[in-house]
Amino acid sequence: PLTTDLEQWATLGDVIADRHSTTRGYSYLAAANYPAEGSIAGFPGFSRAVAFAGFFSDKDDAEGILEYMVQNYPQERRCDQAYLRLAQLYEEQRLWKLAIERHQDLVTYHIDSPLAPASELRVPQLRMISLKRPDYDRRELLRALGELEAWLQVHAGSELEPAAKLNLSD
């Protein structure tokens, strides 16, 4: 049991060090970058290998892990992808308010991300999807229309412009 703990912590230490590295970071975290070591000195019969398989096999686990990441490291490099994936998970569950919040967080913390314009556009789209009755939720409808118009002014000529105009006409 002690050797297993040592093995796991040594491997985890390597992964954490690579994650914080200015040259490697999250993009380096792949099992292929951590070749299995035949045996650990002083611990015959044990080997050390890194496996990322199943890390996000359960959506609930993924949601919890990603929420932890965005809550504790909101401006971390590539956290924009975590915000986007969380928003998508919440959309799949029809949790519109949470999905909107995560899209807004992506835009707030990662305005220069290539994912930001699409997330910014998705916010008013989700507001309109979440309306129970357009005549009853008039304020949210007007807010979504205002956000769409503002998006079109800022992102004129974007590849997403036709989708924004279509939403505006609906």
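**Note on the second largest pocket, the aromatic pairs and two loop residues**

1. **Pocket lining.** W96, K97, I100, E101, Q104, R127, S130, L131, D137, E140 and R143 line the second largest pocket. The model is predicted, and the points below should be read with that in mind.

2. **Pocket volume and chemistry.** The second largest pocket holds about 200 Å³ of space. What is the split of its lining residues into nonpolar, polar and charged? Three are nonpolar, two are polar and six are charged. Among the residues in the lining are K97, E101, R127, D137, E140 and R143. Lys, Arg, Asp and Glu count as charged.

3. **Where the lining comes from.** Which helices each supply at least two residues of this lining? They are helix 4 (96-109), helix 5 (116-130) and helix 6 (138-154). Helix 4 gives the largest share, with five residues.

4. **Overall fold.** The protein has seven helices and zero strands. Along the sequence the pattern reads α-α-α-α-α-α-α. Take contacts between residues at least 6 apart in sequence: 41% of these join residues at least 24 apart.

5. **Burial and surface.** The protein has 170 residues, and 32% of them are buried. The exposed area is about 10,900 Å². Carbon and sulfur atoms supply 55% of that area.

6. **Aromatic pairs: the edge-to-face case.** How many aromatic pairs does a search of the whole structure find? The search finds two. Y68 and Y73 form an edge-to-face pair. Their centres are 6.5 Å apart, and their planes meet at 70 degrees. The pair counts as edge-to-face because an angle over 60 degrees falls in that class. Y68 is exposed, at 53% relative accessible area. Y73 is partly exposed, at 32%.

7. **Aromatic pairs: the stacked case.** Y83 and Y109 form a stacked pair. The centre-to-centre distance is 6.1 Å, and the planes are 10 degrees apart. An angle under 30 degrees counts as stacked, so the label follows. Y83 sits in helix 3 (residues 79-92) and Y109 in helix 4, so this pair ties together parts that are 26 residues apart in sequence.

8. **Is Y83 buried or exposed?** Y83 counts as buried, at 2% relative accessibility. The cut-off for buried is under 20%, so Y83 falls within that class. Its partner Y109 counts as partly exposed, at 35% relative accessibility. Helix 4, which carries Y109, also gives five residues to the lining of the second largest pocket.

9. **R78: backbone check.** Phi of R78 is near 70 degrees. That is a positive value in a residue other than glycine. Where is R78 found? R78 is in the loop between helix 2 (59-72) and helix 3. R78 counts as partly exposed, at 29% relative accessibility.

10. **R94: backbone check.** R94 also has a positive phi in a residue other than glycine, near 60 degrees. R94 is placed in the loop between helix 3 and helix 4. R94 is exposed, with a relative accessible area of 59%. The cut-off for exposed is over 50%, so R94 falls in that class.

Key. Residues are numbered from 1 along each chain as its sequence is written. This is a predicted model: local features need pLDDT of at least 70, side-chain atom pairs count only at pLDDT 80 or more; totals for chains, interfaces and linings use all residues. Side-chain values use heavy atoms; hydrogens and water are left out. On a 1 Å grid over the protein atoms alone, a cavity is a set of points where a 1.4 Å probe fits but cannot get out, and a pocket is an open set with protein on both sides within 12 Å along at least five of seven lines; lining residues have an atom within 4 Å of a point. Grid points are joined across faces, edges and corners, and a volume is the space filled by probe spheres set on the points. Helices (H or I, at least four residues) and strands (E, at least two) are DSSP runs, numbered from the N terminus. Rings of Phe, Tyr and Trp (its six-membered ring) pair if their centres lie within 6.5 Å; planes under 30 degrees apart count as stacked, over 60 as edge-to-face and the rest as tilted. Buried means under 20% relative accessible area, exposed over 50%, partly exposed in between (1.4 Å probe, protein chains only). Contact means heavy atoms within 4.5 Å. Accessible areas come from the Shrake-Rupley method with a 1.4 Å probe; for residues, only the protein chains shown count as cover.
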